[in-house]
Amino acid sequence: MIFDYVIYIMVSLLAGLAGYYLTNNLYFLIGTMVIYLAYFVIYEFLFKRKERLQLMHNKDLTTFIHDFFLAYSVDYSLDNALLAAQENVSASLKEQVKMLEEFKGEEKLERLTDYFSSSLYQLFLKTISICNNKSEEHDKAISFLLEENNNYLLNQKVLQKSIWRALVEFSLLWIISFSVLIVIRFAVNSYFDQITKTGIYLIGIIFYFVFFLFSIHLFMRATRGRIKRYEE
Amino acid sequence: MKNNIKVAINRANINFKKELTIILIINVFLVATMVVAFIFTKNNLLFIPFIFLIVLVNAVAFYRYLFLYSKNVTDQIKELTILLRYLYQDINNQVNVKDALMNLKERASLKMNQKLETFFTEIEKDQSLSPYLNLAKNFSSVLIEEVMISLYRYKENASKENLLHFNESYLKLKKVVDDDEERDNNRQYELVKATAIIGTAIIVMLVIIVTIIIVEEYVHG
């Protein structure tokens, strides 16, 4: 979370400074920084927090299922397995389970559907139901679920890696774009003052920074969509 | 051309009148901005980027309808694949086909439930393969047809061979859907990365235009 906030401040500052270097206008620097920060704050409150929460829930889910069946395979007790499954999960999930103290066994697990919105959890509940009803087939059902759980965990790691790779590539491309801008600014230094006086230049620079913000928005939206798809 | 746009918008499940209004507002805004910018700068060259922008915005809007239609089709296939996962698990745990199919209703979306309801009504009246094929026809996928045929065969004769055939066809469908999704994810990121190149192009164009303006002013005094 802190890392995200640092990124927001750094990007806003860099955009502002680049804007100032390209226009020699202090108001442009302040305006750019304010607009970028405002966008990141709005995005953080509207989407990023939910995204972060969802990622945490996903991580909890795979750990929960894995530890649950590890314990369940020992004494086939739902309550003991649930207790064991809570050891390595986040404080948020432990809190959620604590709130459901009055419920027992399968009912308690069903109440966690609000916390775990993924279809993998539905599969988990289905497996528990099979385990409770048909003892001779439960090994097959558990084996199927654990295989899905492993795939889910693998997909999470692949997802994180791919988001990081995309972020690095995206950042590098925009760094190159800004470098071109700065080189051009340096190249036209002798008549830069004349350029800044033309209205079309200012409109163009404003458009460029708006486009940059739009590009950031598209990237974050694509990442959000990708995380959402892995939920299903 | 109007008919093509209307067909594209309707296929994307968007309200035609509302969409046309939005496109009109955006185009009027861009033209108005172009005119105001021209009044303030008195420069003909300004028309070039604005006309380019208007064409780009309309092209993106039209492409969006095609994309939404394709996305709807893909989402439906994906939803069915997720439902088939439950079916796959139930059938492999000796649940009979009819009960396994009924269990899907509580997990399906409203749209999918409508298709399933039609399917259940048909299988009550017709015990042949037809209802299964009719359900598969709702999705543009040969693999779904294959899964439904293997499901029907297993329903008629719950042998190990038919179960294996059903499992194979389901897993084949799942792999194709997963691969398509991965490709789609990568394509989105590629499009986003392309915006950086567009950004560079904007800057280069801007500097060229401004340099021409300054040279023009210098030449004409």
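Lys and Arg count as positive here, and Asp and Glu as negative; His and the chain ends are left out. On that count chain A carries 23 positive and 24 negative charges, and the mean positions of the two sets are 11 Å apart. The model is predicted. Chain A has nine helices and zero strands.

**Fold and overall shape**
- The order of elements in chain A, from the N terminus on, is α-α-α-α-α-α-α-α-α.
- The C-alpha trace of chain A spans about 85 × 30 × 20 Å along its principal axes.
- The radius of gyration of chain A is 25 Å, whereas a compact globule of 232 residues would have one near 17 Å.
- Contacts in chain A often bridge distant parts of the sequence: of those with a separation of 6 or more, 71% join residues 24 or more positions apart.

**Surface and burial**
- In chain A, 45% of the 232 residues count as buried.
- The accessible surface of chain A is about 12,500 Å².
- Carbon and sulfur atoms supply 65% of that surface.

**Nonpolar cores**
- In soluble globular proteins, nonpolar side chains tend to be buried together.
- The largest nonpolar core here has 66 residues.
- Phe64(A), Phe68(A), Leu109(A) and Phe124(A) have the most contacts inside this core.
- Helix H3 of chain B, residues 47-92, gives the most to this core, with eight residues.
- Another core, of 48 residues, lies apart from the largest one; among its members are Tyr36(A), Phe40(A), Phe170(A) and Val188(A).
- Leu109(A) touches three Phe residues beyond its sequence neighbours, namely Phe64(A), Phe68(A) and Phe124(A).
- Leu109(A) also touches Leu78(A), Leu82(A), Tyr121(A), Leu125(A) and Ile128(A), again not counting residues up to four places away in sequence.

**Gln156(A): a buried polar residue**
- Gln156(A) sits in helix H7 of chain A, which covers residues 138-187.
- Its relative accessibility is 16%, so Gln156(A) falls under the 20% cut-off and counts as buried.
- Beyond neighbours within four places in sequence, Gln156(A) is in contact with Asn58(A), Lys59(A) and Thr62(A).

**Asn24(A): an unusual backbone angle**
- Most residues other than glycine have a negative phi.
- Asn24(A) is not a glycine, yet its phi is positive, at about 55°.
- Asn24(A) lies in the loop between helix H1 (2-23) and helix H2 (26-75) of chain A.
- With a relative accessible area of 44%, Asn24(A) is partly exposed.

Definitions and conventions. Residues are numbered from 1 along each chain as its sequence is written. Chains are lettered from A and ligands numbered from 1 in the order in which they are written. This is a predicted model: local features need pLDDT of at least 70, side-chain atom pairs count only at pLDDT 80 or more; totals for chains, interfaces and linings use all residues. Side-chain values use heavy atoms; hydrogens and water are left out. Helices (H or I, at least four residues) and strands (E, at least two) are DSSP runs, numbered from the N terminus. The radius of gyration is taken over C-alpha atoms; the globule rule is 2.2 Å times the number of residues to the power 0.38. Buried means under 20% relative accessible area, exposed over 50%, partly exposed in between (1.4 Å probe, protein chains only). Contact means heavy atoms within 4.5 Å. Accessible areas come from the Shrake-Rupley method with a 1.4 Å probe; for residues, only the protein chains shown count as cover. The place of a charge is taken as NZ of Lys, CZ of Arg, CG of Asp or CD of Glu. A nonpolar core is a set of buried Ala, Val, Leu, Ile, Met, Phe, Trp, Tyr and Cys residues joined through side-chain atoms within 4.5 Å.
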